[in-house]
Amino acid sequence: MGTVTGDGSALRDELRDDWVEPHPTRLSPDHHLFDELTGLHRAAVEANAPTYVDPVSGFSVFTARFLARRAYCCASGCRHCPYEF
């Protein structure tokens, strides 16, 4: 595990090597909507949007770019969390 701040969040220098991809423990490549969800994510990143809408739940999902710019991990289990944990 890497450096952690006082509130338990990761510091920015702890981005995963593949941080632009969905967090491997939160969206499996075997998920039946993997291609659709990653396509929505890529489109949101290209549009510089902070979120996209999940087609099943209707919830807003943060993009990896937005989460990386925020510069800490909130430990909420975000689908596109760019951090190590």
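**View 1. His41, a buried residue in this predicted model**. With a relative accessible area of 4%, His41 is buried. Its home is helix H1, which covers residues 34-46. Which residues does His41 touch, once its neighbours within four places in sequence are left aside? The contacts are Val20, Tyr52, Thr63, Ala64 and His80.

**View 2. Helix H1 from end to end**. Here you can follow the 13 residues of H1, which reach 18 Å from the first C-alpha to the last. That span is close to the 18 Å expected at 1.5 Å a residue. Just after the helix, look for Asn48, whose phi is positive, near 60°.

**View 3. The buried face of H1**. Which residues of H1 are buried? They are Phe34, Leu37, Thr38, His41, Ala44 and Val45. Seen down the axis of H1, these buried residues fall within an arc of 120°, so they line one face of the helix. A little helix geometry is handy here: an α-helix has 3.6 residues a turn, so residues three or four places apart point the same way. The buried residues of H1 pack against two partners, strand S1 (51-53) and helix H2 (64-70). On the other side of H1, Asp35 and Glu46 are exposed.

**View 4. Glu36 and Asp54**. Glu36 is another residue of helix H1, and at 39% relative accessibility it counts as partly exposed. How far apart are Glu36 and Asp54 in space, C-alpha to C-alpha? The distance is 9.6 Å, while in sequence the two residues are 18 apart.

**View 5. The largest nonpolar core**. Seven residues make up this core: Leu27, Leu33, Phe34, Leu37, Ala44, Tyr52 and Val61. H1 gives the most to the core, with three residues. Take a moment to find Leu27, one of the core members. Leaving aside neighbours within four places in sequence, Leu27 is in contact with Pro22, Phe34, Leu37, Thr38 and Arg79. A second, separate core has five residues, including Cys73, Cys78, Cys81 and Tyr83.

**View 6. Cysteines without disulfides**. How many disulfides does a search of the whole structure find? The search finds zero. Why is Cys74 not bonded to Cys78, which holds the closest cysteine sulfur? The two sulfurs are 4.2 Å apart, which is too far for a bond; the cut-off for a disulfide is 2.5 Å. Cys81 is in no disulfide either, and the nearest cysteine sulfur, that of Cys73, is 4.0 Å away. Is Cys74 buried or partly exposed? With a relative accessible area of 31%, Cys74 is partly exposed, whereas Cys81, at 5% relative accessibility, counts as buried.

**View 7. Stepping back to the whole protein**. After the close-ups, the overall layout is easy to follow: the protein has two helices and two strands, and along the sequence they come in the pattern α-β-β-α. Of the 85 residues, 32% count as buried. The accessible surface comes to about 5,200 Å², and 54% of that surface belongs to carbon and sulfur atoms. How many of the contacts between residues at least 6 apart in sequence join residues at least 24 apart? The share is 43%.

Technical notes. Residues numbered from 1 in each chain as written. Predicted model: local features only at pLDDT ≥ 70, side-chain atom pairs only at ≥ 80, totals over all residues. Heavy atoms only, no water. Helix = DSSP H or I, 4+ residues; strand = E, 2+ residues; numbered from the N terminus. Buried < 20%, exposed > 50% of the residue type's maximum accessible area, 1.4 Å probe, protein only. Contact = heavy atoms within 4.5 Å. Areas by Shrake-Rupley, 256 points an atom, 1.4 Å probe, with all protein chains shown as cover. Expected span 1.5 Å × (residues − 1). Arc of directions from axis to C-beta. Core = buried A, V, L, I, M, F, W, Y, C linked by side-chain atoms within 4.5 Å.
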